[in-house]
Amino acid sequence: MTFLQRYRGQLFYKYVVIFVTLVSGTLLTSGLVEIYFSYQETRTALTRIQWEEAENAALKIRQFLKDIERQIAWTLQPLGTVPFAQRRDDFYKLLRQVSAITELSYLDASGREQLRFSRLSRNVVGSGVDASRETKFLEAKSRQAYFSPVYFRNEYEPYMTIAVAERGLDGGVTVAELDLRLILDVVSRIRVGDAGYAYAVDARGRLIVHPDISLVLQKTDLSSLAHIQAALAGLAMPGEERSETSIARDRHGRQVFTTYEVIDPPGWYVFVEQPLEQAFAPLYAAMWRTALLLLVSLGIAVLASMVLARKMVIPIQALQAGVARVTSGHLDIVIPPAAPDELGMLAASFNQMAASLKENQAALAQYTADLEAQVTVRTHEWQASNVRLKELDRLKSEFVSHVSHELRTPLTSVKGYVDYLLEGIAGDLSPLQRDFLTRLQGNADRLLRLITDLLDLARIEAGQMVLYPERLSVREVATEVLETLRPLSVEKGIELGIAGPEASDMVRADRDRLHQVLLNLTHNAVKFTAPGGTVRVRIEERPAREVVITVADTGVGIAAEDVERIFTMFHQAYAASTSPGGSGLGLTIAKKLVELQGGRMWVRSQPGQGSVFGFALPAAEPEGAR
Amino acid sequence: MKKLLVVDDDPDICQLLKAVLEAYRFQVDIATNGQEALEHVRAEVPDGIFLDLRMPVMDGWTALDVLRREYPTVTVIVITASRTGDVVRHVRARGAQGCVLKPFDPGELRATLREAFGWTPGTARG
């Protein structure tokens with residue numbers, strides 16, 4: 001498609017689009033970058049907060065348990081070494097000091113209970129209950145301290161058994177029942193943000209404390225959650241900062257932002273979580289703000305760009321309209337320059353151009369008019385001159401034919417008288433008289449031939465040559481011609497003959513003129529052939545429905561440069577003295593006579609190799625067809 | 001002796017033809033135009049007329065027409081400067097018996113005389 005076909009007037013929209021794209025692109029990019037960094041910062045901050053909480057809680061719990069363990073251990077001495085009363089007092093003091101301990105008992109080296117102090121029930125001394133098979137005893141003995149899994153009393157009260165063994169094989173084990181409510185409250189009281197919370201699970205992933213106590217009572221097992229599993233398998237030591245918090249799914253499948261800390265020895269895990277939505281709520285708010293800002297800016301950008309684009313496009317459109325008008329020929333257009341800037345300059349230049357064009361157009365019109373006037377004058381001159389030339393031509397032909405005729409008349413008389421004097425009509429002649437008269441006769445003949453030829457040529461050129469075509473046999477006419485030349489050929493010792501197929505020689509032509517042409521060609525051939533030579537006339541019909549006649553001689557031939565000019569008037573290949581009687585017009589007339597009858601004539605010759613003159617005439621239609 | 005009338009506006013031609021024909025033992029009269037010719041003929045009808053075509057006052061064709069009408073028995077030979085096929089046919093169509101070309105070829109003239117008047121060379125040259 002050409003440019004004009006593709007044109008859609010898009011400059012305005014282009015500007016708008018470009019401008020809007022730029023503005024919104026910039027805003028969008030900066031917004032996104034901001035959001036990304038905000039996200040990272042928020043996450044980091046949240047991590048910090050959550051982890052601190054988790055750490056705090058873990059620390060407290062760990063401390064608590066450690067304290068208790070220590071205090072219990074402090075009371076431990078083998079029974080034998082500590083008086084019973086002493087131990088009893090120690091237990092009493094311990095029970096009083098640590099409110100979390102609800103029961104303290106002492107198992108001797110063989111696992112039998114010797115002492116039990118309980119806050120909730122009667123103290124028992126020396127019951128001797130065998131606890132040697134119980135885990136608490138066995139574990140304590142082997143590992144020094146034993147922390148049992150959390151169990152629940154009265155449905156919702158979390159308890160734990162701690163057993164600490166005395167050193168030595170004879171040592172007994174002190175067992176304490178721990179009420180975990182208060183300490184675990186530390187966890188359930190943790191709040192982060194609006195919806196953040198904390199909970200703890202034991203080493204097997206079972207909830208031991210949660211803001212929603214019912215979950216705990218249901219012995220909810222969270223070990224299936226991915227992040228719980230990860231924590232359970234986690235290898236990070238307590239106290240080591242975790243740079244990454246995970247985003248995981250809680251029991252309900254909601255996405256949460258979670259951090260944890262491990263409490264070891266008991267092997268518990270404190271998780272501090274908050275729903276992702278709440279965690280990133282400020283961030284989301286920021287994103288919405290950015291989006292809104294972007295939209296508003298977009299709107300403003302579109303409006304602004306439209307205004308701006310219009311301002312730019314209108315002058316261009318005005319220019320375009322102006323150019324269109326100029327193209328269609330209206331050169332009066334003037335574009336008012338809107339502003340003194342480049343566009344205004346363009347408009348001013350355009351106006352100049354239009355004015356200049358107008359001038360040029362006027363000048364051109366004037367020039368054309370002048371030219372046409374000149375052409376008309378010249379044409380008239382030429383026409384007049386044409387008429388004159390035609391007239392001249394006519395006069396010339398008339399002159400020639402008139403003069404020729406006038407010249408012929410006295411000449412015929414001269415010739416006539418001379419001929420008859422030579423016949424002896426006026427009496428006998430002396431040899432000298434005869435000689436003189438013979439010379440006269442020769443010259444008169446020549447003059448006559450020349451005038452006759454001139455007359456013929458003049459008539460041909462003036463278009464006044466009248467021809468009388470008839471259906472005739474070329475061979476017949478050729479035979480006549482040869483008979484006329486026989487005396488001359490015999491005298492010169494030249495063989496003269498006709499060749500070619502007997503039939504197929506019928507043409508439609510003027511008999512006398514054909515005779516003239518053949519006589520001219522054959523006479524020339526005989527003239528220019530040395531004694532002993534041959535002149536042959538060949539007649540045959542050619543495929544293009546024409547009869548070709550060639551006169552071939554074994555004479556001196558014609559030089560190349562003469563071949564070109566041989567048909568021109570008065571051209572004689574030889575000095576006049578060697579070719580008596582030639583008028584110089586014979587070939588010219590012969591060629592013209594042939595051409596007048598629809599034929600053509602040519603010559604082929606090489607110096608020293610003879611010549612072949614040929615001409616062709618249209619073949620006559622077959623007998624009967626008329 | 002046969003009587004012949006030579007009609008030609010050129011006196012030289014007339015004289016020549018007269019001399020030649022008289023040498024051939026004819027009695028010859030001369031006229032210089034068609035009008036004169038007719039006067040001669042009316043006065044005395046010749047055996048033959050040599051008639052030129054182009055003459056003032058009355059040209060050969062006109063005279064020929066008249067001669068054919070009034071004297072159909074007289075032999076008329078047309079004298080002409082050009083002999084194209086058309087002239088020959090024309091001449092015969094108009095009633096002339098023959099045609100000779102100017103300048104006169106002696107052989108041709110003799111042949112014409114023989115043909116038209118039964119002349120023989122033996123009577124030439126008195």
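1. Partly exposed, as used here, describes a residue whose relative accessible area lies between the buried class, under 20%, and the exposed class, over 50%. Arg116(A), with a relative accessible area of 23%, is therefore partly exposed. The model under discussion is a predicted one, and the points below should be read with that in mind.

2. Arg116(A) is joined to Glu113(A) by a salt bridge between their side chains, with an N to O distance of 3.1 Å. The two partners fall into separate accessibility classes, since Arg116(A) is partly exposed at 23%, whereas Glu113(A), at 7% relative accessibility, counts as buried.

3. A similar description applies to Arg181(A) and Asp179(A), which form a salt bridge whose closest N and O atoms are 2.9 Å apart. Here Arg181(A) is partly exposed, with a relative accessible area of 38%, while Asp179(A) is counted as buried at 10%.

4. In helix α2 of chain A, which spans residues 11-75, Glu52(A) and Arg48(A) are four residues apart and are therefore separated by about one helical turn. These two residues form a salt bridge, the closest N and O atoms being 3.2 Å apart. Both ends of this pair are partly exposed, Glu52(A) with a relative accessible area of 37% and Arg48(A) with 41% relative accessibility.

5. Helix α2 of chain A also holds Glu69(A), for which a relative accessibility of 19% leads to the buried class; because that class is defined as under 20% relative accessible area, the assignment rests on the cut-off chosen. When residues up to four places away in sequence are not counted, Glu69(A) touches Ala145(A), Phe147(A) and Val164(A).

6. Taken over all chains, the structure holds 30 salt bridges. Besides the pairs described above, there is a network of salt bridges that links Lys415(A), Asp419(A) and Asp445(A). As general background, side chains of opposite charge can pair when their charged atoms come close.

7. On the surface, a nonpolar patch is formed by Leu364(A), Tyr367(A), Leu371(A) and Val375(A), which together have about 410 Å² of accessible area. Tyr367(A), one of these residues, is found in helix α10 of chain A, covering residues 342-423, and is exposed, with a relative accessible area of 51%. Since exposed means over 50%, this classification, too, depends on where the cut-off is placed.

How values were computed: Residues are numbered from 1 along each chain as its sequence is written. Chains are lettered from A and ligands numbered from 1 in the order in which they are written. This is a predicted model: local features need pLDDT of at least 70, side-chain atom pairs count only at pLDDT 80 or more; totals for chains, interfaces and linings use all residues. Side-chain values use heavy atoms; hydrogens and water are left out. A salt bridge is a side-chain nitrogen of Lys or Arg within 4 Å of a carboxyl oxygen of Asp or Glu. Helices (H or I, at least four residues) and strands (E, at least two) are DSSP runs, numbered from the N terminus. Buried means under 20% relative accessible area, exposed over 50%, partly exposed in between (1.4 Å probe, protein chains only). Contact means heavy atoms within 4.5 Å. Patches are made of residues with over 30% relative accessible area and no salt bridge: like charges are joined within 9 Å, nonpolar side chains (Val, Leu, Ile, Met, Phe, Trp, Tyr) within 5 Å. Accessible areas come from the Shrake-Rupley method with a 1.4 Å probe; for residues, only the protein chains shown count as cover.
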